[in-house]
Amino acid sequence: MSAALQYILPKRLVSRLAGTLAKVRWSPLKNFLVKSFIRSYQVDMSVSGRETPEEFETFADFFSRELKPGLRPIPSDSTTITSPVDGVVSRSGTIHRGNLLQAKGHNYLLTELIGHDCDDLDGGSFMTLYLHPSMYHRVHAPIDAILTKTIEVPGKLFSVNKQSVRDVPNLFCRNERLVCSLQTDLGTVRLVLIGALIVSSIATSWAGPQSPYRRRVERSPHEVQFNRADEMARFTLGSTVIVLVPPSVGILDDLECDTCINMGERIGFTHDRTERP
């Protein structure tokens with residue numbers, strides 16, 4: 001879909017209608033939607049914990065399906081930062097003076113993405129991971145951490161596919177998003193979950209944020225702690241996750257664009273806690 005069409009399209013209405021369809025439990029319609037999606041996007045159901053359309057209660061249940069146990073092994077090295085999702089690397093690199101690269105010719109400001117100043121991230125690294133509609137759509141913790149703050153940011157629902165990332169300036173700062181602050185003893189890693197066209201919900205594993213977000217809200221979750229690879233959230237339909245690591249914590253690998261990566265694979269490393277920089 002072209003960027004020009006997306007500007008005039010009633011994106012929230014379209015997403016709301018899609019969300020309604022995604023919750024339909026009437027088997028003939030639900031099975032038709034699931035089968036059509038599997039065929040259109042060539043979804044590999046052999047990795048799913050449930051493999052047939054009939055096993056899912058709704059299309060949304062199918063879309064946020066679980067994987068078969070043991071398919072995403074986690075590195076034993078405790079300093080490894082792992083990918084929070086199955087995704088495609090859209091961009092990765094250094095956060096320079098509060099700027100991040102969206103696409104060739106398009107930068108955006110970290111303060112606009114997160115909604116407040118975060119000087120600790122300057123000189124750190126970022127990685128933008130796009131979740132293709134055919135992929136596994138659960139989000140997991142990239143490190144052991146305590147969730148100290150979330151920020152719900154209302155916004156638009158532009159598509160986040162490659163064409164939109166190339167053609168829509170400031171895309172990730174325009175769209176609805178959830179910012180999660182993951183506190184370690186070296187510093188705070190941020191995980192930004194980006195909503196998108198047709199994405200009717202971001203469901204979290206803890207009580208709190210309920211999308212769609214009507215206003216900007218900051219929350220301080222109580223006693224929410226994650227081990228690396230623990231499930232944090234689920235998307236309904238394709239979207240994007242941005243990982244932000246301050247230099248005090250570690251470094252993300254500089255992966256090439258379009259690199260496919262699975263949840264649990266290495267994307268960087270933290271500093272040795274006995275030898276802090």
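**Group meeting: a walk through the model**

F62 is buried, with a relative accessible area of 0%. That's where I'd like to start today, and before going on: what we have here is a predicted model.

So, who sits with F62? Its ring pairs with the ring of F37: the centres are 5.8 Å apart and the planes stand at 75°, so this one is edge-to-face. F37 is buried too, with a relative accessible area of 12%. The two rings come from distant parts of the chain: F37 belongs to helix α3, residues 27–41, and F62 to helix α4, residues 59–63, with the two positions 25 residues apart. And the pair has company. Ring pairs tie F37, Y41, F56, F59, F62 and F63 together into a cluster. Across the whole structure, the search turns up 9 aromatic pairs.

Okay, on to the strands, and I want to spend a while on β14. That's residues 239–245. How many of its residues are buried? The count is 7 of 7, so to speak a mostly covered strand by the burial cut-off of under 20% relative accessible area. In a regular strand, side chains alternate between the two faces of the sheet. In β14, you can follow that along the strand: S239, V241, V243 and V245 point one way, T240, I242 and L244 point the other way, and all of them are buried.

Which strands pair with β14? One is β5, antiparallel, over 7 bridges. Another is β9, also antiparallel, over 5 bridges. V241 is a handy landmark here, since you can look at it from either partner: it is the bridge partner of L129, and it is the bridge partner of L193 as well.

Next to V241 in the list of β14 residues is T240, which counts as buried at 1% relative accessibility. What does T240 touch? Leaving out residues up to four places away in sequence, its contacts are T128, L129, Y130, L131, V160, F172, V192, L193, I194 and F235.

You'll have noticed L193 coming up again, and that takes us to the nonpolar cores. The largest has 33 residues, and L191 and L193 are the ones with the most contacts inside it. Which elements give two or more residues to this core? They are β5 (125–131), β7 (145–153), β8 (177–184), β9 (187–194), β13 and β14. Zooming in on L193, and again skipping residues up to four places away in sequence, it touches V139, E176, R177, L178, I202, A233, F235, T240 and V241. There is another core apart from the largest one, with 26 residues, and F126, V165, L171 and C173 are among them.

Now two open sheets. Sheets are held together in a familiar way: strands pair through backbone hydrogen bonds, parallel or antiparallel. The first one I'll show has 3 strands in the order β6-β13-β10, with antiparallel pairing. Which strands stand at the edges? Those are β6 (138–140) and β10 (202–204), and each has a single partner strand, so one side of each is left without a neighbour in the sheet. Neighbouring strands here are turned by 25° against each other on average, ignoring direction. If you want a place to look, β10 and β13, residues 231–235, run antiparallel and are joined by 3 bridges, and A203 stands opposite R234.

The other open sheet also has 3 strands, this time in the order β1-β17-β15, and the pairing is antiparallel. β1 and β15 are the edge strands, each pairing on one side only. On average, neighbouring strands in this sheet are turned by 25° against each other, direction ignored. Strand β1, residues 80–82, is joined to β17, residues 266–270, by 3 bridges. On the other pairing, 3 bridges join β15, residues 250–252, to β17. F269 is the residue to click on: T80 stands opposite it, and so does I251. Further along, L252 stands opposite G268.

Last stop, the cysteines. How many disulfides does a search of the whole structure find? The number is 0. As a reminder, a disulfide is a covalent bond between the sulfur atoms of two cysteines. Two cysteines to look at for their exposure are C257 and C260: C257 is partly exposed, with a relative accessible area of 36%, while C260 is exposed, at 58%.

That's my tour, thanks.

Terms used: Residues are numbered from 1 along each chain as its sequence is written. This is a predicted model: local features need pLDDT of at least 70, side-chain atom pairs count only at pLDDT 80 or more; totals for chains, interfaces and linings use all residues. Side-chain values use heavy atoms; hydrogens and water are left out. Two strands pair if DSSP finds at least two bridges between them. Helices (H or I, at least four residues) and strands (E, at least two) are DSSP runs, numbered from the N terminus. Axes are lines fitted to C-alpha atoms, for helices over the stretch in contact, and angles run from 0 to 180 degrees between N-to-C directions. Rings of Phe, Tyr and Trp (its six-membered ring) pair if their centres lie within 6.5 Å; planes under 30 degrees apart count as stacked, over 60 as edge-to-face and the rest as tilted. Buried means under 20% relative accessible area, exposed over 50%, partly exposed in between (1.4 Å probe, protein chains only). A disulfide is a pair of cysteine sulfur atoms within 2.5 Å. Contact means heavy atoms within 4.5 Å. A nonpolar core is a set of buried Ala, Val, Leu, Ile, Met, Phe, Trp, Tyr and Cys residues joined through side-chain atoms within 4.5 Å.
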